[in-house]
Every structure is written in structure tokens, then in C-alpha cells.
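Below is a short note on the model you sent round. The points run from the overall fold to single residues.

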Amino acid sequence: MDTGEQLMVPVDVLGQGNEGALWKFLLSGAMAGAVSRTGTAPLDRARVYMQVYSSKANFMNLLTGLRSLVQEGGVRSLWRGNGINVLKIAPEYAIKFSVLEQCKNFFCGVHGSPPFQERLLAGSLAVAISQTLINPMEVLKTRLTLRHTGQYKGLLDCARQILEQDGTRALYRGYLPNMLGIIPYACTDLAVYELLQYLWQKLGRDMKDPTGVVSLSSVTLSTTCGQMASYPLTLVRTRMQAQDTVEGSNPTMLGVFRGILSQQGCPGLYRGMTPTLLKVLPAGGISYLVYEAMKKTLGVQALNR
């Protein structure tokens with residue numbers, strides 16, 4: 001299930017009998033991610049814009065943020081940065097699934113159903129490695145999302161300007177908070193998901209063949225809690241990736257944290273949370289429907305998360 005954030009990879013996808021169908025799951029996931037991210041791109045751009053530009057002195061809510069974006073570049077500008085966001089889905093999914101398969105074999109052994117801590121470790125390593133390799137594209141996505149009309153001619157021009165002005169290290173802006181954010185996200189996401197599965201079973205649901213409502217609600221709630229737990233680090237990452245453009249500085253993670261807390265207090269660490277939460281349900285719903293449709297089209301069996 002993809003909502004445009006770091007998500008744990010479903011260990012069950014790599015269960016026995018599905019190894020040969022890995023490419024079908026990759027294609028299904030990539031298509032689901034592309035459609036869901038495109039459908040919720042305006043909310044994602046509003047989130048990034050609010051994370052970087054909203055403050056006590058320049059407070060903006062979701063409506064004022066969207067209005068500012070439309071006034072600056074028209075309705076089409078709400079999809080700025082979506083191209084590379086979709087472009088990075090395929091390698092991101094491929095890396096996550098490939099690394100997870102190796103981690104699952106190494107850590108989980110022959111367990112039919114890996115215990116919580118092994119799922120957490122395997123999933124976290126898969127996300128960490130994929131994010132390490134994808135981070136430059138994440139920086140490009142942030143810069144393209146925040147760009148003014150005419151600032152960049154395209155993806156290659158954006159990459160060229162970043163390298164000329166800031167050097168190669170700029171492509172790894174926000175890497176540290178990105179890595180640190182995996183732990184609270186993964187722990188909260190998996191813990192809430194396991195709890196929901198337990199509660200569904202207590203209510204008499206058959207979890208071997210869960211209904212769409214059960215699966216979607218479990219994923220949506222666990223993802224929402226995971227995003228809330230790691231959101232301050234996500235905000236700091238975005239600020240660091242955009243800071244060179246905004247203020248011409250070379251910020252550190254602690255420096256950005258101190259700046260936010262001194263200027264805006266603790267609420268400042270949750271700027272842009274509204275579009276993030278509003279995005280979860282439609283993105284999850286779109287992703288779920290497209291993913292299931294693609295699996296049915298490609299002839300692969302339905303699996304739990």
C-alpha cells in the first residue's frame with residue numbers, strides 16, 4: 001500500500017509460492033503508487049509548501065497554501081514535482097522488495113510467519129537501503145515541488161543547478177533525519193497494524209482472507225499513526241532539502257530543529273500535518289484499488305499486508 005511516504009514492505013508478498021511472481025508485485029505496486037501519488041499530488045505539494053514557508057509570522061492553512069500555489073503558477077502548478085515522484089517509484093519498489101527478500105531469508109529463516117521483531121528489522125533495513133539510494137531523487141523532488149515558475153527548465157536542469165551551486169553533498173540533504181525517522185515510523189506502523197489484526201480476529205474476522213474494508217482500514221490507521229510519530233523528522237528533512245534555495249545556508253539537523261522550536265514552538269514541528277492526514281485515506285484507497293486490479297489482471301493471488 002502506497003501513500004507517498006516511507007512504508008514498510010509487506011513481508012507476506014515474498015511468501016512461499018510467490019517468488020516467481022515478484023515482478024508482478026513490483027509492477028502492481030509501482031502502478032498503484034504512480035496513480036495514488038498523481039491523484040493526491042496537490043495535497044502533497046501543499047504539505048511541502050507549508051512545511052517550508054509556514055511560520056508564526058506567515059501562518060497559512062491548507063486553503064491559503066493551495067491558493068498561493070494557484071496564484072503563483074495556475075492550477076497545473078499543483079502537480080509540480082509529481083513527475084519525478086512517479087519516476088522514482090519503480091526503482092524504490094524494486095530495491096525495497098529485493099533487499100527485503102534477502103533480509104527475510106537471513107533474519108527470518110524458515111519461519112512460516114516471522115515474529116514482530118524480525119519483520120521490523122527486515123522491513124526497516126529494506127526501507128533504509130532503498131532511501132539511501134533514492135535520496136538524491138527525493139531532494140530533486142522537493143526542489144521541483146517548491147520551484148517558482150521558470151526557475152528550472154526540467155529535471156536535468158534542476159540537477160545541474162544543484163550540483164553547480166551546492167555540490168554533490170546537496171543531493172543528500174536531509175539524509176540523517178530521513179534515516180532516524182524510519183525507526184518511529186516502522187515501530188508505530190507495525191505495532192498498530194498488529195494490534196488491529198488482533199482486534200479484527202477477536203471480532204471473528206477471518207484474517208486469512210480479509211475483506212477490502214478490513215485491510216484498507218488497518219493499513220490506513222497504522223500508516224496514519226506511523227506518519228504522526230515520525231512527522232517532525234519528516235518536516236526537518238524537507239526543510240534541509242529546501243533550505244539552500246530558501247535561505248542560501250547549509251543547515252544541520254539540530255540547527256533546523258532549534259530554529260523551528262525557537263521561532264514557532266512545538267506546534268511548528270507539525271506544520272503541514274493537515275494535508276498529510278487528508279492525503280492518507282484517498283491515497284490508500286486509490287492505491288488499494290489499483291493494486292488489487294493489477295494483481296487480478298496479472299493473475300497473482302491476493303495477499304495480506
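1. The place to start is S130, keeping in mind that this is a predicted model. S130 sits in helix α6, which spans residues 116-146. Its relative accessible area is 0%, so S130 counts as buried, the cut-off being under 20%. Leaving aside residues up to four places away in sequence, S130 touches E92, I95 and K96.

2. On the overall fold, the secondary structure comes to eleven helices and zero strands. Of the 305 residues of the protein, 53% count as buried. Among contacts with a separation of 6 or more, 79% are between residues 24 or more positions apart.

3. One helix pair deserves a comment. Two packed helices are described by the angle between their axes and the distance between the axes. For α2 (residues 41-53) and α3, the axes come within 9 Å and cross at roughly 100°. α2 is therefore roughly perpendicular to α3, as the crossing angle falls in the range 65 to 115 degrees. From α2, the residues that meet α3 are P42, L43, R45, A46, Y49 and M50. Their partners in α3 are L62, G65, L66, S68 and L69.

4. On the surface, the protein exposes about 14,100 Å², and carbon and sulfur atoms supply 63% of that area. V70, V75 and W79 make a nonpolar surface patch of about 260 Å². W79 lies in the loop between α3 (62-73) and α4 (82-87). Is W79 buried or partly exposed? With a relative accessible area of 37%, W79 is partly exposed.

Methods. Residues are numbered from 1 along each chain as its sequence is written. This is a predicted model: local features need pLDDT of at least 70, side-chain atom pairs count only at pLDDT 80 or more; totals for chains, interfaces and linings use all residues. Side-chain values use heavy atoms; hydrogens and water are left out. Helices (H or I, at least four residues) and strands (E, at least two) are DSSP runs, numbered from the N terminus. Buried means under 20% relative accessible area, exposed over 50%, partly exposed in between (1.4 Å probe, protein chains only). Contact means heavy atoms within 4.5 Å. Patches are made of residues with over 30% relative accessible area and no salt bridge: like charges are joined within 9 Å, nonpolar side chains (Val, Leu, Ile, Met, Phe, Trp, Tyr) within 5 Å. Accessible areas come from the Shrake-Rupley method with a 1.4 Å probe; for residues, only the protein chains shown count as cover. A salt bridge is a side-chain nitrogen of Lys or Arg within 4 Å of a carboxyl oxygen of Asp or Glu. Axes are lines fitted to C-alpha atoms, for helices over the stretch in contact, and angles run from 0 to 180 degrees between N-to-C directions. Angles under 35 degrees count as roughly parallel, over 145 as roughly antiparallel, 65 to 115 as roughly perpendicular and the rest as oblique.
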